[in-house]
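Notebook open, model loaded. I wanted to see what packs inside and what one helix does.

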Amino acid sequence: MSARLKSEIWAAAWLRRCAVAGASAVLRRRGAASAGAIFVEVDRLDGTAILYGPAPQSDYGETADDRLFARLHDAETIEASAVEERMRKEIRFDPDLWLLEVEDREGRAFLDF
């Protein structure tokens, strides 16, 4: 069993993946280097967004090495202000989290599901 990538390495690789695809992505909040939870916001550039966060442990099955993500809301998109509010709450709960953001009208998250 291999070890999970450190959060800082995973985040750097994700930012590079977005750049290679021609998407504008930024690190909005740096968390704990080794194991901070990672959240990804997709700004649709129309006032709506999609927020992804760590998937529930039950989704991992037997392989806990990979990072799995889940959309954190039922609707396909939500208001960008709702993402900001949710992230304020998440940061109060876990100040070591990472927040990455990509601007993409198509709603691409550049995550493997």
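My notes on the cores and helix 2 follow.

This is a predicted model, so I note the filters: local features need pLDDT of at least 70, side-chain atom pairs count only at pLDDT 80 or more, and totals for chains, interfaces and linings use all residues. Residues are numbered from 1 along each chain as its sequence is written, and side-chain values use heavy atoms, leaving out hydrogens and water.

**Cores.** I looked up the largest nonpolar core (buried Ala, Val, Leu, Ile, Met, Phe, Trp, Tyr and Cys joined through side-chain atoms within 4.5 Å) and found 17 residues. Buried means under 20% relative accessible area, exposed over 50%, partly exposed in between, with a 1.4 Å probe and protein chains only. Trp-14, Val-40, Tyr-52 and Leu-111 have the most contacts inside this core. Helix 1 gives the most to it, 4 residues. A second, separate core has 8 residues, among them Ile-78 and Met-87.

**Helix 2.** Helices are DSSP runs of H or I with at least four residues, strands runs of E with at least two, numbered from the N terminus. I checked which residues of helix 2 are buried: Val-83, Met-87 and Glu-90. They fall within an arc of 60° (directions from the helix axis to the C-beta atoms), so they line one face. On the other side, Ser-81 and Arg-92 are exposed.

**Glu-90.** I noted that Glu-90 counts as buried because its relative accessibility is 17%. Its side chain makes a 2.9 Å polar contact with that of Arg-86. A polar contact is a pair of N or O atoms within 3.5 Å; within protein, one must be able to donate a hydrogen and the other to accept it, and residues adjacent in sequence count only if both atoms are side-chain atoms. Glu-90 also touches Phe-39 and Leu-97 (heavy atoms within 4.5 Å), not counting residues up to four places away in sequence.
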